[in-house]
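Got a fold on the screen and not sure where to begin reading it? Let's go through it together, one feature at a time.

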Amino acid sequence: MTVERRLAAHNLMPGEVARRAGIAVSALHFYEREGLISSTRNAGNQRRYHRDVLRRIGFIRAAQGVGISLAEIRTALATLPEERTPTKADWSRLSRSWRGKIEAQITRLERLRDTLDDCIGCGCLSMKSCQLANPDDELSEVGDGPVRLLGRRSP
């Protein structure tokens, strides 16, 4: 097999990448427009993706799934090597950089899970007028929104 054929075997058509990554082709194009992945063009001006884009897409989807913004994902992916396929160590380094943010999100979700029934249980669904969870609207001094669920301190 020639070098060109071996290199071409590592290049995938958009439909194949989308199928293997479990996303729509439109999502693939969106990720490319956002600068998260890249493609090359063949002689017929058709997009081709290197196989390592599948790992990048997996990383993007996992990061999005835990609430990491596209801007943060883009910044992280920009630190990956261009000259080689990223290694497990590369991916681990990126994941570690988000550990604190993910832990804080877990804490918020646990607080939501453990206290959501306080509000729903009383039936009023209003933190401003609930005499059980927020008597005399004390939480208005702390700020707007679900201040208890966000972990803001009471007055």
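What follows is a back-and-forth about this predicted model.

Q: Where do I start? What is the secondary structure of the protein made of, and in what order do the elements run?

A: Start with the inventory: the protein has seven helices and three strands. Reading from the N terminus, the elements go α-β-α-α-β-β-α-α-α-α.

Q: How many of the residues are buried, as a percentage?

A: Of the 155 residues in the protein, 25% are buried. As for contacts with a separation of 6 or more, 49% are between residues 24 or more positions apart.

Q: On to the sheet. What holds strands together in general?

A: Strands of a sheet pair through backbone hydrogen bonds, and the pairing can be parallel or antiparallel. Here the three strands make an open sheet in the order 1-3-2, and the pairing is antiparallel. Strand 1 (11–12) and strand 2 (40–41) are at the edges with a single partner strand each, so one side of each has no neighbour in the sheet.

Q: Which residues can I click on to see the pairing of strand 1 with strand 3?

A: Try Leu12, which sits opposite Tyr49 in strand 3. Strand 1 and strand 3 (residues 47–50) are joined by two bridges in the antiparallel sense.

Q: And how many bridges join strand 2 to strand 3?

A: Two bridges again, with the strands running antiparallel. Thr40 has Arg48 in strand 3 as its bridge partner. These two strands form a hairpin, with five residues between them.

Q: What should I look for in the turn of that hairpin?

A: Look at backbone angles. Most residues other than glycine have a negative phi. Now check Asn45, in the loop between strand 2 and strand 3: its phi is near 65°, a positive value in a residue that isn't glycine. Asn45 counts as exposed because its relative accessibility is 52%, and the cut-off for exposed is over 50%.

Q: Let's do a helix. How far does helix 4 reach from its first C-alpha to its last?

A: Helix 4 (residues 53–65) has 13 residues and spans 18 Å between those two atoms, close to the 18 Å expected at 1.5 Å a residue. Just after helix 4 comes Gly67, with a positive phi of about 90°.

Q: Which residues of helix 4 are buried, and what do they pack against?

A: The buried ones are Val53, Leu54, Arg56, Ile57, Phe59, Ile60 and Ala63. Their packing partners are strand 1, strand 3, helix 2 (14–21), helix 3 (25–33), helix 5 (70–77) and helix 6 (88–97).

Q: How do I describe two packed helices?

A: You give the angle between their axes and the distance between the axes. For helix 4 and helix 5, the angle is about 145° and the axes are 10 Å apart. Their crossing is right-handed. On the helix 4 side, the residues involved are Arg56, Phe59, Ile60, Ala63 and Gln64, and they meet Leu70, Ile73 and Leu77 in helix 5. Sorted by class, this contact has six nonpolar, one polar and one charged residues.

Q: Helix 5 also holds Thr75. Is Thr75 buried or exposed?

A: Thr75 counts as exposed, because its relative accessibility is 55%. Along the sequence, Thr75 and Leu36 are 39 residues apart, while their C-alpha atoms are 8.9 Å apart in space.

Q: What about Leu94 in helix 6: buried or exposed?

A: Leu94 counts as buried, because its relative accessibility is 3% and the cut-off for buried is under 20%. Leaving out neighbours within four places in sequence, Leu94 is in contact with Phe59, Ala76, Thr79 and Leu80. Thr79 is 15 residues from Leu94 along the chain, with 8.6 Å between their C-alpha atoms.

Q: And Ser95, which is also in helix 6? How much accessible area does Ser95 have?

A: The relative accessible area of Ser95 is 37%, so Ser95 is partly exposed. Ser95 and Ala76 are 19 residues apart in sequence, and their C-alpha atoms lie 9.2 Å apart.

How values were computed:
Residues are numbered from 1 along each chain as its sequence is written. This is a predicted model: local features need pLDDT of at least 70, side-chain atom pairs count only at pLDDT 80 or more; totals for chains, interfaces and linings use all residues. Side-chain values use heavy atoms; hydrogens and water are left out. Two strands pair if DSSP finds at least two bridges between them. Helices (H or I, at least four residues) and strands (E, at least two) are DSSP runs, numbered from the N terminus. The expected span of a helix is 1.5 Å times one less than its number of residues. Buried means under 20% relative accessible area, exposed over 50%, partly exposed in between (1.4 Å probe, protein chains only). Contact means heavy atoms within 4.5 Å. Axes are lines fitted to C-alpha atoms, for helices over the stretch in contact, and angles run from 0 to 180 degrees between N-to-C directions. A crossing is left-handed if the near helix is turned anticlockwise from the far one by less than a right angle, and right-handed if clockwise. Ala, Val, Leu, Ile, Met, Phe, Trp, Tyr, Cys and Pro count as nonpolar, Asp, Glu, Lys and Arg as charged, and the others, Gly among them, as polar.
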